[in-house]
Structures are given as C-alpha cells and as structure tokens.
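Please report on selected local features of this protein model. Cover pockets, helix packing and aromatic pairs.

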Amino acid sequence: MHGSLAAATKLAAGIAAGADQFSDIDVLVLPPLVHLTTVKASLAGSPVRLGAQNCYVGEQGAFTGEVSARMLKDLGCDYVLVGHSERRALFHDDLKTVAAKFQAAQAAGLIPILCVGETKEERELGRTEAVVAEQLNTVIAAAGIQAFANAVIAYEPVWAIGTGLTATPEQAEAVHGFIRALISKNQVDLGPAIRILYGGSMKPDNAPALLAQPNIDGGLIGGASLDVDGFLAICAAATVLA
C-alpha cells in the first residue's frame, strides 16, 4: 500500500520504458487496486504485464469492499497474489481461504501467484518444511495438483521481510528445492516446469546470487520495486541468468 496516483503512474512508466531490453524474462507489476487502470495505461505498448495484490473468493454479491477475480480480469489483469504473508497475518486469510482464492483466480482466467513461507519462530523450531508443506497441500487438496500447471509459487520467508534479517542464497535454495520436490511427488511432470519465485527482500545487490540458485526462477519484489532503477537492475540480473 504505497504511492499516490502520480507516483504509481511515474513508476509504471519508468518500468515500461526500461522493460523492452528484457525480452528473455517475464516482467509484471502488481499495483494497489485503486491504481490498476492508470498503471495499465502507463504500460500500454510495453511487454510488462499486470496483476493485482488480492482478490475475494466470490464472483459477485453483497460483499462490500471486496473485489472479485472476474473484476480484476475485466480490468486487464493476468495475475493475482494469493496467500501473501501480510494477508495471512494481518487479515487472517487462513489455509482454506487462500485455497478458495486460488480457485477463484483460476476460474476467472487469472494466474494465481501462491505465496508460502514460515515465520521466524517456525524456522527456529525447525518447522519450515512442515509449514510450507501444509500451505501447499491445502491448495493441492482443494484445487488438484494439475491446477499448478497454470500457477506460480512464491516462497517468502516471513522472518526475512522488513526485519533486517536476510536469507542466504543457500537457505532460500533449500526451501525452493523442497517445494519443487513436493510438487514433483504429486505430479512428476510439473516439478521441473513450475515457476518458483523468491520473495524475501530481493534487492539489486543480492539478486544475482539468489537467482543463480538452480531452483530459484525469479523474484517477487517488495521494497525494491518502488524504485525504477533498482527494479530494472533486478530484471537485468535475471536476464543474465535466463
């Protein structure tokens, strides 16, 4: 939840202007809901695609303040985040709600970016894999493993977001590898194909080392996405390794 209309327009235009040089990677932006239409106009003619940060589980009805996946599709979105750690922690999106949003997104023709990850306490207790597995398995049980053929997974270690702590490339890679193995166990063909992004404070200085890991396919960028040059530097790092 950052930025004025003017700031969002300037940021999107700057990203759009620099994105033409990155033909080997996919670039998308996920602005606040109220800026979607304006940002879409700023991206016109560029390869940058549009997504939203959240959706509701229902298609329509008396759900004041909510926005359906079909509404987002009508606005020109291709993607939507589901299960972001802030949605889980601050807005009480539980496992079943996240699974329902995942299904609603796909029913509307959107590609869900499913966020999974553990807190600092869960990591210290050695529960990282158990937590991530439960988050993934709940969605698999609801939507079916084949649904992941049209989805993206983002691993965000909650303990490394805005805390000053940083996951090493090796720590991030270990969880990415676990996620890929879990998907492969359910559907062997999907394992190598599923795109798994890293969402733990990726910045221009750590992007090359993180993206060099064999199971890290890209980034879900937080604070660094609010700076055009910083965001494009991460894109450049991804292009080198594409």
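What is the volume of the second largest pocket? In this predicted model, the second largest pocket has a volume of about 250 Å³. Its lining comprises 18 residues, and those closest to the centre are Arg 88, Gly 117, Glu 122, Val 131 and Gln 135. Three elements each give two or more residues to this lining: helix H4 (85–90), strand E4 (111–116) and helix H7 (128–143). By character, the lining residues split into 6 nonpolar, 5 polar and 7 charged.

**Aromatic pairs**

The structure holds 3 aromatic pairs. Two of them, including their geometry, are set out here.

| Pair | Centre to centre | Angle between planes | Class |
|---|---|---|---|
| Tyr 56 and Phe 63 | 4.8 Å | 45° | tilted |
| Tyr 155 and Tyr 198 | 6.2 Å | 50° | tilted |

The pair of Tyr 155 and Tyr 198 links distant parts of the chain. Tyr 155 sits in strand E5 (residues 152–155) and Tyr 198 in strand E6 (residues 195–198), 43 residues apart. Both Tyr 155 and Tyr 198 are buried.

How accessible are the partners of the other pair, Tyr 56 and Phe 63? Tyr 56 has a relative accessible area of 23%, so it counts as partly exposed. Phe 63 reaches 36% and is therefore partly exposed too. Buried would require a value under 20%.

**Helix H1**

Helix H1 spans residues 5–19, which makes 15 residues. From first C-alpha to last, H1 reaches 21 Å, close to the 21 Å expected at 1.5 Å a residue. Which residues of H1 are buried? They are Ala 8, Leu 11, Ala 12, Ile 15, Ala 16, Gly 18 and Ala 19. An α-helix has 3.6 residues a turn, so residues three or four places apart point the same way. The buried residues of H1 pack against three elements: strand E1 (28–29), helix H2 (36–43) and helix H11 (228–241).

**Gly 191**

Gly 191 belongs to helix H9 (residues 190–193). Is Gly 191 buried or exposed? Its relative accessibility is 0%, so Gly 191 counts as buried. Which residues does Gly 191 contact, leaving aside neighbours within four places in sequence? The contacts are Arg 180, Ile 183 and Ser 184. Phe 148 lies 43 residues from Gly 191 along the chain, and the C-alpha atoms of the two are separated by 9.6 Å.

Note on methods
Residues numbered from 1 in each chain as written. Predicted model: local features only at pLDDT ≥ 70, side-chain atom pairs only at ≥ 80, totals over all residues. Heavy atoms only, no water. Helix = DSSP H or I, 4+ residues; strand = E, 2+ residues; numbered from the N terminus. Expected span 1.5 Å × (residues − 1). Buried < 20%, exposed > 50% of the residue type's maximum accessible area, 1.4 Å probe, protein only. Contact = heavy atoms within 4.5 Å. 1 Å grid on protein atoms, 1.4 Å probe; cavity = no way out; pocket = protein on both sides within 12 Å on 5 of 7 lines; lining within 4 Å. Points joined across faces, edges and corners; volume = space filled by probe spheres on them. Nonpolar A, V, L, I, M, F, W, Y, C, P; charged D, E, K, R; others polar. Phe/Tyr/Trp six-rings, centres within 6.5 Å; stacked < 30°, edge-to-face > 60°.
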